[in-house]
Amino acid sequence: MNLSIKLFNSLNLQLKTKRFLNIGISMACSRYEYVKDYERDDSILPNVWIVIRVDGKGFHKFSKVHDFEKPNDEKALNLMNNAAQTVMEEFRDIILSYGQSDEYSFVFRKETNVFNRRSSKLLSYVTSLFTSSYVMNWPNWMGDKKLQYPPCFDGRVVLYPSDQNLRDYLSWRQADVHINNLYNTAFWNLVLKAGLTNQQAEAELRGTFSADKNELLFSRFGINYNDLPAMFRKGTILLRKKVVVNKDNAKRQLIVPIHEDLIREKFWKTHSELLGKYKPGEYDDDERPNGDKLPELISRQIANIKLDDKES
Ligand SMILES: Nc1nc2c(ncn2[C@@H]2O[C@H](COP(=O)(O)OP(=O)(O)OP(=O)(O)O)[C@@H](O)[C@H]2O)c(=O)[nH]1
Ligand SMILES: [Mg+2]
């Protein structure tokens, strides 16, 4: 083939390809583009509290397979708190999170405009970030215990129009911890310490009131329920607070865990920034659940700051 024929063929091929691509592109813009309209606008109404709750799927089995301590595994609960901390660090408009057992609720401030308040975007980001952080931080809390299979969390968005609705929602979740934890503490003491079978323990607790379970724990096992760790009895509230991070009294805004009664008026008075004009409050040493010891969730954040400062 001489050079001019070769050149002609190559040009011809390029032209044909270009025409084919042009047809493809114009079809993408005209004939197919209509499918975009099937995506509906799911933006959330303005001026309502947005709550996203994630909950572990099948954690009854997950906790068994991973041999969680019964009824409460402190490390596993701290891992949940760590995953929630990651979500709060990413989404600055979350003013409060509340966690217990295998669930976490995230409260976005009413005025948030994050992702134009698009419901599915918010829900999927929060749920997937929570899950990936749970997996990534597993070794930091669970030590040598291997993760046997990928955990998974469902998520939902719930909207609350009034402050009272929001408070009632959080009170509902905290009342749930109280009911479940008192039952589970009595149940597992009967099984693990008194040697009852699961069925016998269940039968013994059937129809009992809170006072009966408190009495049973005290008289049979010498346990004063109110002396158990507050994290187990009240769940964990995560707030943004300014915390002293070094000897020079320098402060940084961190995510701090507290285990107070959300149900009481006192909580909302003490943390008045939550329902008022929002700005992070100060971390009060009285809020330390373990006396002098800084909660591990905070000391780890401070250690990371020090590491960052050293590297920069
Ligand atoms: N031993 C132990 N189990 C825990 C702990 N935290 C959560 N769980 C388990 O996780 C379960 C969480 O309750 P649910 O969310 O109602 O149960 P689930 O099996 O996750 O069911 P779905 O959420 O409907 O998928 C509890 O019933 C416990 O079995 C813990 O600290 N220790
Ligand atoms: Mg669950």
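This passage describes the surroundings of ligand 1 and a set of annotated binding-site positions in a predicted model.

Ligand 1 is surrounded by 17 residues, and the closest among them are Phe 59, His 60, Ser 63, Phe 68 and Asp 73. Three elements, β1 (49-56), α2 (59-65) and α3 (74-90), each contribute at least two residues to this shell. Of the shell around ligand 1, the largest share comes from α2, with three residues. In chemical character, the shell is made up of five nonpolar, six polar and six charged residues.

A database record offers a second view of the region. Under "binding site", an unreviewed UniProt entry lists Asp 55, Gly 56, Lys 57, Gly 58, Phe 59, His 60, Ser 101 and Asp 102. These positions are spread over 48 residues of sequence, yet they cluster in space, with a largest C-alpha distance of 12.1 Å.

Two of the listed positions, Gly 56 and Asp 102, can be followed in more detail. Gly 56 is part of strand β1, whereas Asp 102 sits in the loop between β2 (94-100) and β3 (103-108). Gly 56 counts as partly exposed because it has 19 C-beta neighbours inside 10 Å. Asp 102 has 20 such neighbours inside 10 Å and therefore counts as buried, the threshold for that class being 20 or more.

Leaving aside residues up to four places away in sequence, Gly 56 touches Phe 62, Asp 102, Pro 151 and Phe 153. With the same exclusion, the contacts of Asp 102 are Asp 55, Gly 56 and Phe 59. The strand residue Gly 56 and the loop residue Asp 102 thus touch one another.

Note on methods. Residues numbered from 1 in each chain as written. Chains lettered and ligands numbered in written order. Predicted model: local features only at pLDDT ≥ 70, side-chain atom pairs only at ≥ 80, totals over all residues. Near = placed C-beta within 6 Å. Helix = DSSP H or I, 4+ residues; strand = E, 2+ residues; numbered from the N terminus. Nonpolar A, V, L, I, M, F, W, Y, C, P; charged D, E, K, R; others polar. UniProt positions renumbered as here; feature names shortened; annotations may be inferred. Buried ≥ 20, exposed ≤ 12 C-beta atoms within 10 Å, placed from the backbone. Contact = placed C-beta atoms within 7 Å.
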